[in-house]
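Thanks for making the time this morning. I would like to walk you through one model, beginning with its charged pairs and then widening the view to the chain as a whole.

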Amino acid sequence: SSGINAEWPLRPGTKGRDINELDPSAYAKNKKTRDEGQKQKEVAQLEAFIYHYTELLSEQRTATRENVERRQARTADEVDDDDVDDVDDNDDDDDELIPYNPKNLPLGWDGKPIPYWLYKLHGLNLYFNCEICGNFKYRGPKAFQRHFAEWRHAHGMRCLGIPNTAHFANVTLIEDARALWEKIKAEKNKDKFQKETEEEFEDSHGNVVSRKVYNDLKRQGLL
């Protein structure tokens, strides 16, 4: 037994036996070496899981990074405006839940508020009043321009006795519409043929005079 390393503790029943006669399992294993090996195995297993999930989530990671960079590049006002667009997209409860809409944005085709940037792009935050339409308010410049050819405005013009022509585009006040109509009528009358001043007659001496002058001379017996 003198050839046995003193650092290796022996199991019972091995005393006095030659080292070559002992079963390898009789040696006590080094606990520190065993623990380190197990730890390295667990670390390697965790690294394998991490690499696997990294590949699976590569697209999501890229999209998240781009979204963070985009948000960091925005101004404070844009951040406040876009906060209202962060609504819950739970498809199972869409028909039952009222969408979060603190700014009273118009609803899109999916029944949810449209994005705030689209709301401002179309000028839907602006309202245009039309007195001719009974002080009806139109939301956004597009709806306002379109309403001049629609039934409500045409009915209001008809009630005023004014034709709803292109001359009255963008006219929303009753007083302005009436003033413009009087001006148009005056210009039309101005272009008409005036018999009293523009119709010409020839007197007995061959002089060409207007109808009014001719009638005056005739009444005085000067012809």
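**Charged pairs, a surface patch and the overall chain**

Let me start with R146, which forms a salt bridge with E150, where the closest N and O atoms are 3.4 Å apart. Please keep in mind throughout that this is a predicted model, and that every value I quote has been computed from it.

How exposed are the two partners? R146 has a relative accessibility of 46% and therefore counts as partly exposed, and E150, with a relative accessible area of 31%, is partly exposed as well. As background, side chains of opposite charge can pair when their charged atoms come close.

How many salt bridges does the structure hold? There are two, and the other pair to look at is K185 with E182, whose closest N and O atoms lie 3.3 Å apart. Here the helix gives some context, because K185 and E182 sit three residues apart in helix α7, which covers residues 174–191, so that about one helical turn separates them. On the question of accessibility, K185 is partly exposed at a relative accessible area of 30%, while E182, at 47% relative accessibility, also counts as partly exposed.

Let me turn from charge to nonpolar surface. Which residues make the nonpolar surface patch of about 530 Å²? The contributors are L46, F49, Y53, L56 and L57. Taking F49 as one of them, I would point out that this residue is placed in helix α1, residues 31–56, and that F49 counts as partly exposed, since its relative accessibility is 44% and the partly exposed class runs between 20% and 50%.

Now to the chain as a whole. The secondary structure of the protein chain amounts to nine helices and four strands, and, reading from the N terminus, the order of elements is α-α-α-α-β-β-α-α-α-α-β-β-α. In that order, the strands come as two β-β pairs, with four helices written before the leading pair, four between the pairs, and one at the end.

As for burial, the protein chain has 223 residues, of which 17% are buried. The area that the protein chain exposes is about 18100 Å², and carbon and sulfur atoms supply 52% of that area. Finally, if we consider contacts in the protein chain between residues at least 6 apart in sequence, 15% of these join residues at least 24 apart.

That is the end of my part, and I am happy to go back to any of these residues on the screen.

How values were computed:
Residues are numbered from 1 along each chain as its sequence is written. This is a predicted model: local features need pLDDT of at least 70, side-chain atom pairs count only at pLDDT 80 or more; totals for chains, interfaces and linings use all residues. Side-chain values use heavy atoms; hydrogens and water are left out. A salt bridge is a side-chain nitrogen of Lys or Arg within 4 Å of a carboxyl oxygen of Asp or Glu. Buried means under 20% relative accessible area, exposed over 50%, partly exposed in between (1.4 Å probe, protein chains only). Patches are made of residues with over 30% relative accessible area and no salt bridge: like charges are joined within 9 Å, nonpolar side chains (Val, Leu, Ile, Met, Phe, Trp, Tyr) within 5 Å. Accessible areas come from the Shrake-Rupley method with a 1.4 Å probe; for residues, only the protein chains shown count as cover. Contact means heavy atoms within 4.5 Å.
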